[in-house]
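Me: Got a minute to walk me through this model? I'd like to start with the charged pairs and then move on to the sheets.
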Amino acid sequence: MNISAPFIRRPIATALLMVGLLVGGLVAYPLLPVAALPNVNYPTLQITAQLPGADPQTMASSVATPLELQFGEIPGLAQMTSASALGYTQITLQFDLNRQIDGTVSDTLSAINAATPYLPTGMPYPPTIRKVNPADTPILVLGLTSDTLPLTTVDAYAENILLQKISQISGVGLVGIGGQQKPAVRVQLDPQALAARGINLEDVRTALGQANVDLAKGTLNSPRQTYTLNTNDQLLKADDYANLVIAYRNGAPVRIRDVGQAISAPENDLIAGWFNQKRAVILAIQRQPGANVIETVNRIKAMMPVLQASIPPAVKVNIISDRTETIRASVSDVQFTLMLTVALVVMVIFIFLRNFWATVIPAVTVPLSLIGTFAVLYELGYSLDNLSLMALSIAVGFVVDDAVVVIENIVRHMEEGLAPFEAALKGAGEIGFTIVSITLSLIAVFIPLFLMGGYVGLLFREFAITVSVALVLSLLISLTLTPMMCARLLKPETRQHGRLYPLFERGFDGLRNIYEAGLKIVLRHRFITLLTMFGTIALTGYLYMVIPKGFFPEQDTGLIIGLSEAAQDISFQAMAERQQALLDALMRDPAVASVGAAVGAGGGNTTVNDGRVYIALKPKSERGSMAEVLERLRTNLAKIQGITLYMQAAQDITIGGRVSKTMYQYTLNDADPGELNHWAALFLDRIKTVPGITDVATDQLNAGPMLDITIKREVASSYGILPYTIDNTLDDAFGQRIVSTMYTTLNQYHVVMEVNPKFQYSPEALNGIYVKSSSGQEVPLSTLVDTVVKVAPLVVNHQGQFPSVTISFNLLPGTAIGQATSAIQKIEKQLGKPLSLQTSFQGNAQAFGQSLSTTPILIVAYESLIHPITIISTLPSAGLGALLLLMAVHYDLSVIAIVGIILLIGIVKKNGIMLVDFAQHVEHEQGLTAEESIYQACIMRFRPILMTTMAALLGGVPMMLGTGVGSELRQPLGYAIVGGLALSQLLTLYTTPVIYIYLDRLQSWLFRETQHAASAHAKPMPAE
């Protein structure tokens, strides 16, 4: 059956079919979303709960634990972590990849409802759910500043207009506020003035709560009219509160201004934010898991003119960081790489064929296959990203092969005297099955990628499907359009060639002669060649064991995420001063374009001694590499005393939901907090000594100063004072307590009560606080309590309902994550940890271990089952060349490089199949020996193998040498392909014929043994 015959005989229909494929791809191309990587995201939710004034241990036990008990029963929950700090608990739930995020929200809401009866009654708001991964890098960071307006006004516009509208945009998961300055009225009281008038803090709180209300009043209804009732029951300005009468003494009113002051100020004055070196309100916009980054940012930017028109011109909206700039630049760079690869492959075809139409015909296959692939990608819901475009770049070297093989067979028949039309019919008919077999063999190479599970497997599934689709389309084009064009365009060679033609011909003949001479030597010394092959296998295995193992190459996205940390007993004012010192140093660096920063408990930070910094770098052409910038910044910032800035380059691949100071995470779990703290300190000290590991940090903050207050219950009872009253009084004085709410048309603002800040400086401040007894007497608090200063946690972390400590670290250039994990596992064995202490790598380090344990096994298992000859002759040499070049340029064996080795197997295997099939055909047709047939096959197929190898090799060169944005992700693939092809082809062209001969002898021996055994057991025939 000749599949190509109908298409050769119907050129118009064939051409229209190809035009349809072309148009479909061209229409789909602009509709494809642009992204950094395929849309693979773990469904992740962030649950936040607040109980103002509660210490971290109280938050962990009374808020986090009841919620975690219910969340732990949700199906498909992969990871649950929580952090409980002063008045604040954040729980992160990450689900299996097969769960839909909307379904997880419904399950989580049901769990919250089930936990509500067990939560404290004083919580001002129910727990909130956000569809966001807190560990993800913000897709857009804005800084709002003003030269004339106070920050509280800037914050009001930010929260009431920008935050609300941006949050409604499709794809936005969370708009976090750094340096929040929400307007409020702060009532600051003098406890001594209150005591002198016989007024306590609880009296003031009651007065403030009752003086500012907004309640229903009803209506007046007459037979003809209805009147709505309204009163001036709300106080909205600080002056109104300053004049508020809270009591009468000796017939005279006592106002707030008599015992303190009322001022307009931020609701929480222990938070601050900066844009560069100027105070600002920071909006960090994070996407929902699964949302396209570029489309989401485009929607935000499209709305920005309307939003800016809604706020005063005095409020400036500055873009600190925009992730889409580097994503677009990276995709643009890989698109250029794709076009360059196409040009190089066409050049190789022309050099080898040296015929215009013979070059044009296979060259048409490349754009048609690639453009047609766009239509399939659109139907599958895929995107134009680094991996899919890398797949197309690699596919360029594959898709021309089918067309070249068809053309070569047709030209052979034309040289034998057939007309182009008859040659096309006969040649395409003969080679059709072979083309199908070779293409399916190439597609089968991607079975390991289809079988890989988890995050990495889904990530590379799009890569594998993209290449496979391009190969299938190439197969269809080679069996339809290519023979049709050959029948119409190819002409018998009748004219004289130019001077270049014989020059190239002599060059190819010279290469073939050199190969032929070497082949003869190899065939005379077969055993040595066989030993060489076994040596190759052994060397490949050794190099695989010693080469550093990596996950994904560290990308240069132009954004650095920094988390600052100071002493656990630092005050907010000192922390703000130290943070500004960091910002001053950062802005002096020539590579830094802009900086956004925030300190204080809020906006992603959990404690006062934490800060967050977004460092946007200048374009890559105006600075050094990310590693150079980070090293310079570390050196300069180390000179600043009293604070440390842990930095990591923002990455497109973020696995896990835990926010850590540095990139890789190692977590310890133990039900016993004391045992956990002891061992965590030991592990931290040992990990700091591991070579190649830097920026070692921990989320264990258990040395914060705490004033432990012991209520003398008998004394308090004698005055008729309950612990409830004492706790409320302390909250009134030092808890920034919200005592009333002011309702406006846009938002609700709070009245915050506290004692004057000058009475909050030290533990002696409690001496000035009084509590009213049951008889009305003002009793000094110091009479009712004893105090002692202790240390206590600033934050309590859980993983899977148990206390946890996470140690995070970065890697120095030249160190692979595999080396770091091996060193830490060695520390585990040396320390001899108890069984009750559970340890595990988290995030990217955990995903690295999972990917490394599955990928090589799949490669070996697949190859050993499909083609034993090819695995022996190609796999070791392909792997050896790739590993040698990767080690020479100091690259680790990352997941990207392993994919390159898988591709190598397909390329080299295909050439091995071409040799073996030709040898078997000659052996059967001409009755040659195995040695003669494989020798003839090697000489005859040398040029086609050389051409297809050069095409595939040049497909990897642009990726290997590229230095543009995002090149870090592509370079390991290029190095693996170029190194593997260069060495494997050199080896397999010599080892494959030797193996063929030995296997033929083995087959003959086995056949003789079988025949001999059959003869020995044959029974004699009975006589007639």
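Reply: Sure. One cut-off before we start: a salt bridge here is a side-chain nitrogen of Lys or Arg within 4 Å of a carboxyl oxygen of Asp or Glu. Asp732 and Arg737 fit that, with their closest N and O atoms 2.9 Å apart. Keep in mind that this is a predicted model.

Me: OK. Is Asp732 buried or exposed?
Reply: Asp732 is buried, with a relative accessible area of 0%. Its partner Arg737 comes out at 16% relative accessibility, so Arg737 counts as buried too, the cut-off being under 20%.

Me: Which residues are in the salt-bridge network with those two?
Reply: Glu202, Arg205 and Asp731 are linked with Asp732 and Arg737 in a network of salt bridges.

Me: And how many salt bridges does the structure hold?
Reply: There are 26 of them. One of these joins the side chains of Asp233 and Lys217, at 2.8 Å from N to O. Asp233 sits in the loop between strand S9 (226-228) and helix H8 (238-242), while Lys217 is in the loop between helix H7 (201-211) and strand S8 (219-221), 16 residues apart. Asp233 is buried at 14%, whereas Lys217 is partly exposed at 27%.

Me: What does Lys620 pair with?
Reply: Glu968, and the closest N and O atoms are 2.9 Å apart. Lys620 is in the loop between S19 and H20 and Glu968 belongs to helix H31 (residues 967-1016), so this salt bridge ties together parts 348 residues apart in sequence. Lys620 is partly exposed, with a relative accessible area of 25%, and Glu968 is buried at 14%.

Me: Switching to sheets. In what order do the strands of the six-stranded one run?
Reply: The order is S14-S13-S18-S19-S17-S20, in an open sheet with antiparallel pairing. S14 (278-279) and S20 (643-649) are at the edges with a single partner strand each, so one side of each has no neighbour in the sheet.

Me: How many bridges hold S13 and S18 together?
Reply: Four, with S13 (residues 272-275) and S18 (residues 592-599) running antiparallel. Gly273 stands opposite Ala598 in S18.

Me: Which strands does helix H19 touch?
Reply: Helix H19 (residues 572-587) packs on that sheet and touches S13, S17 (559-566), S18, S19 (610-617) and S20, with its direction at about 170° to that of S18. Helix H20 (residues 626-637) lies across S17, S19 and S20, and runs at about 175° to S20.

Me: What about the four-stranded sheet, what's its order?
Reply: That open sheet goes S12-S7-S25-S24, and its pairing is mixed. S12 (260-266) and S24 (737-743) are the edge strands, each with a single partner, so one side of each lacks a neighbour. The twist averages 25° from one strand to the next.

Me: How do S7 and S12 pair?
Reply: They're antiparallel, with seven bridges between S7 (residues 183-189) and S12. In that pairing, Val185 stands opposite Ser264 in S12. Helix H5 (residues 151-167) packs on the sheet, touching S7, S12 and S25 (748-755), and its direction makes about 135° with that of S7. Helix H23 (residues 723-734) also packs there, touching S24 and S25, at about 105° to S25.

Me: Now the outside. Which residues make the nonpolar surface patch?
Reply: Val19, Val23, Val27, Leu31 and Tyr378 make a patch of about 430 Å². Helix H2 (residues 11-28) gives the largest share, three residues. Tyr378 is in helix H12 (residues 356-379) and counts as partly exposed, at 38% relative accessibility.

Me: And Pro33, what does it contact?
Reply: Leaving aside neighbours within four places in sequence, Pro33 is in contact with Asn292, Glu295, Tyr382, Ser383 and Leu384. Pro33 lies in the loop between H2 and strand S1 (44-50).

Me: Last one, the whole chain. How many helices and strands?
Reply: The protein chain has 31 helices and 31 strands. Buried residues make up 54% of its 1024 residues, and the C-alpha atoms fill a box of roughly 135 × 70 × 70 Å along the principal axes.

Key:
Residues numbered from 1 in each chain as written. Predicted model: local features only at pLDDT ≥ 70, side-chain atom pairs only at ≥ 80, totals over all residues. Heavy atoms only, no water. Patch = residues over 30% accessible without salt bridge, like charges linked within 9 Å, V, L, I, M, F, W, Y side chains within 5 Å. Areas by Shrake-Rupley, 256 points an atom, 1.4 Å probe, with all protein chains shown as cover. Helix = DSSP H or I, 4+ residues; strand = E, 2+ residues; numbered from the N terminus. Buried < 20%, exposed > 50% of the residue type's maximum accessible area, 1.4 Å probe, protein only. Pairing = 2+ DSSP bridges. Contact = heavy atoms within 4.5 Å. Axes fitted to C-alpha atoms, helices over the stretch in contact; angles between N-to-C directions.
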